[in-house]
Amino acid sequence: MEEVKALDKNEENNAIAVQYIVVKIGNEQYGINIQYIDNIVRNQRITRVPKSQHYYKGVINLRGEIVPVMSIRLKLGLEDDDYTDKTRIIILKVDTATIGVIVDQVKEVVTLENKDVEKANKTTLDEAASGYISGIGKSKEELISLLDIVSLIEEG
Amino acid sequence: MDVSQYLEIFIDESNEHLQNLSDQLMVLEKEPDNNDTINEIFRAAHSLKGMAGTMGYKRMQNLTHDMENVFSEVRNGNMSVNSELVDVLFQCLDALETYVSNIQQNQDEGTDDNEPIIKALNAFIASEGKVQESSNKAEHGSDSEPTAPDIDYNGIVLTDFEKNAVNEAFKKNLHTYKIRVTVEENCILKAARAFLVFKNLEGHCDVIKSEPSVQDIEDEKFDFDFSLVVISAESFGEITKIIKSVSEIKDAIGEEIKAPFTEDAHAEHHDEVKEEKKADKDSKEVAVADKKPAPASSSKQPVAQGKTKPVGHTVRVDIEKLDVLMNLVSELIIAKNGLVSASSLEDGGAPVNQTFNEQIEYLERVTTNLHESVMKVRMMPIESVVSKFPRMIRDLSKKLNKKMELYMSGEDTELDRTVIDEIGDPLMHLLRNSADHGLESAEVRKERGKPEVGSIFLDAYQDGNNVAIEVRDDGNGIDVERVRNKAIEKGTITEEQAASMSDKDIVDLLFKPSFSTAEKITDVSGRGVGLDVVRSKIEALGGDIEVKTIYGEGSTFIIRLPLTLAIIQALMVKVGDEKFAISLGSIQRIEDININEIKYVHAKEVIHLRGSVIPLIRLRDLLDVPGEPLEQENITVVIVSKGDKLAGLVVDSLIGQMEIVIKSLGKYININKMISGATILGDGSVALIIDANTLV
């Protein structure tokens, strides 16, 4: 995993531009690096898995595969999800594992260059969330918290 | 020649031959005069040698060659089999196994020549075979050409015309050589190789004579060697080098004809040698004939083995292809379940099309059969794993200086291929444990009135939808008090806990990581990595392990493994709004129980049913199912069993029996062990599978 992280950082430092999908969770906007995104599906029936971590909502059937679904809200220490018709499950692929995360709304795709990204300032962020944010992106006067997908999924 | 395509076959077959050798050596040690066994060993060693040679693994070839020499002496009655010889031979097998595993890993046999073993082998031949050696010289030489002074030139005879040519050559100061070329025994296109020899020689020398004739050679009408008479200006070394540069040419030997040609001095010798070769060839033929169709078939067992094991019509299939097939069958079953639920949805509405239903039933039958067939294809007898254990116990017996005997039964019990691959190590751990900790020393055994030779049993058998493997010994058993004290000493448990724990709970501590009670750490076991590894491996395979022990009388480790991994028959139950699957294999029966029949023992709910007290487990509580429990007069209890223990699972209602495909939940969602996976139902929703074994 270290390797992936290192790779990730390298890319952010050197790559001229990285594409992010901007999603809305609560009042904030978050960016998810497009390279991890396999698919975006509508909210569907999630089967609860007893005795799992509290931020796992359960599992869904994604075309015959069982995919665990995580609530980013709960993982970041926010309020529980409030499902609307805009709620989406973003299917992420990290390594060989597939995992779904729930977001309130998918907004757009933005391309951020290095100069648009500010390294995360740990002190200004909420403690629960700070570990999972790799930086703050600026696009059209709006701020986007860039999610560190690997640690979001790997860290229990 | 590019041999990489044959590499897998080579590895498979080598392993089979090695296993066969190991088995036969064990027999030989007990019955040193068993001729069938000796012949079998000889053949296996010979095939190995040939195969290694073909693939260009010289070290492996050399070692097998020397082994073969020993077997050949034994076969001829020049040497008797004793325990030391068997020891050395086993060392050979280990060395060969190392070669094969090296080859498997990096396609290279490694650089270890295993000189000491080869020396030891030769020492046996030297000491034992000396007396008869002279009388058996020809025999000896038949397989080690370079040292034999008598070369068989296939009875080459020059005509007057050719003799003239030779004599002419002498006048021109050219050299005349007689050369015998030997082709590898496993060469598939002998004629092509021979042709290349001729072609390469062009321009370097004139071939004035060959035996058999060039035409016969091109038609492949020769065994493994042919002889040439050539005239050349180049040195003998140059010429043989050219010949040997052709791949699959084993050797080219010969001599220069130093004087104008006269009658062949070796003619007399030929018949003798030839006959000898013929005899030898009979066994070679077996290997060669088998080798040819190898890429497509696996009827690779030497004929002699057919006596004990009938050779079936078999095809080697890559396990990955079977996995793909299995996945497709899984998909098919999910699709079928979808159809079934679609058809039942129409209930209550317009009358369901009867033909449609019939077809669905038909489809159901076919998919079930298809699944069973694919499963069967993936099944392998457990024999392939356990067959190496007698050898291991023999070695342990020597190493630990304890007399012990391994008795095995049920080697033909079949398990899924993936399970077979994984089960070897845990079983080995358990056997080592039994041998090292379980069995007492001979003196202690005598004192206790037990036979001096300790017994270890390995029994495999099918038990419902599970396969059980028992490792049992008649040794010391587990000293529960010692484990208890050790656990307190190590701080694993407190003294209070220890007092309240049952013997069974104490024994279970042995499966905790880094808990070893062996007073002295031996080479064999006792490093505390054994039993917890065993347990986690078996649980990873969806099985479980249980210990029964009586102090002073021995212990039994029982491993239970699921027969199939991917698709099972399950009972679907409903708790609250959620659906769960319980493997049919662990279900004993289903009971309707009046709530008044529930009794309490230690504040836990139990029911008394036909003489047995069964604890009740309320799935609603266990699985934190939301919602209020139903107010019922009667509750539905699914009685599940593990071994002879029972438990009653309380559910809200039953849905029915269903064939389900087990899917993993992945590594991130950290679930309790009681959920063994999930499955997709006909309507596309997900149901979790409850592993009843963990609840009992």
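Let's start inside chain B: Arg394(B) counts as buried because its relative accessibility is 9%, where buried means under 20% relative accessible area, exposed over 50% and partly exposed in between (1.4 Å probe, protein chains only). This is a predicted model, in which local features need pLDDT of at least 70 and side-chain atom pairs count only at pLDDT 80 or more, while totals for chains, interfaces and linings use all residues. Residues are numbered from 1 along each chain as its sequence is written, chains are lettered from A and ligands numbered from 1 in the order in which they are written, and side-chain values use heavy atoms, with hydrogens and water left out. From Arg394(B) we move to its helix, to other salt bridges, and then to the contact with chain A.

**The helix around Arg394(B)**

- Helix α15 of chain B covers residues 389–400, which makes 12 residues; helices (H or I, at least four residues) and strands (E, at least two) are DSSP runs, numbered from the N terminus.
- From first C-alpha to last, α15(B) reaches 16 Å, close to the 16 Å expected at 1.5 Å a residue; the expected span is 1.5 Å times one less than the number of residues.
- The buried residues of α15(B) are Phe389(B), Arg391(B), Met392(B), Ile393(B), Arg394(B), Leu396(B), Ser397(B) and Leu400(B).
- Those buried residues pack against several elements of chain B, among them α1, α4 (83–106) and β8 (454–463), with contact meaning heavy atoms within 4.5 Å.
- Just after α15(B) comes Asn401(B), which has a positive phi, near 55°.

**Salt bridges**

- Side chains of opposite charge can pair when their charged atoms come close.
- A salt bridge here is a side-chain nitrogen of Lys or Arg within 4 Å of a carboxyl oxygen of Asp or Glu, and the count over all chains comes to 39.
- Arg394(B) meets Asp87(B) in one of these, at 2.8 Å from N to O.
- That pair links distant parts of the chain, with Arg394(B) in helix α15 and Asp87(B) in helix α4, 307 residues apart.
- Asp87(B) counts as partly exposed, because its relative accessibility is 26%.
- Arg394(B) also forms a salt bridge with Asp395(B), whose closest N and O atoms are 3.5 Å apart; Asp395(B) is partly exposed at 30% relative accessibility.
- Both acids belong to a network of salt bridges that links Glu29(B), Asp87(B), Asp94(B), Arg391(B), Arg394(B), Asp395(B) and Lys398(B).
- Elsewhere, Arg484(B) and Glu481(B) form a salt bridge with closest N and O atoms 3.5 Å apart.
- These two are separated by about one helical turn, because they sit 3 residues apart in helix α18 (residues 480–490) of chain B.
- Arg484(B) is buried, with a relative accessible area of 11%, whereas Glu481(B) is partly exposed at 43%.

**Where chain B touches chain A**

- The contact takes 23 residues from chain B and 21 residues from chain A.
- About 2000 Å² is buried between the two chains, and carbon and sulfur atoms give 60% of that area; buried area is the accessible area (1.4 Å probe) that two parts lose on being put together, summed over both.
- Tyr668(B), Ile669(B) and Val686(B) supply 36% of the area that chain B buries against chain A, more than any other three residues.
- The rule finds 3 salt bridges across this interface, and Lys51(A) and Asp624(B) meet in a salt bridge at 3.5 Å, N to O.
- Strands β21 (675–680) and β22 (686–690) of chain B each supply at least two residues of the side that touches chain A.
- β21(B) gives the most to that side, with 4 residues.

**Two other spots in chain B**

- Gln24(B) is found in helix α1 (residues 7–30) of chain B and counts as buried at 18% relative accessibility.
- Leaving out residues up to four places away in sequence, Gln24(B) touches Thr37(B), Glu40(B) and Ile41(B).
- Gly203(B) lies in the loop between α8 (190–201) and β2 (205–211) of chain B and counts as exposed, because its relative accessibility is 79%.
- Gly203(B) and Ser232(B) are 29 residues apart in sequence and 9.3 Å apart in space, C-alpha to C-alpha.
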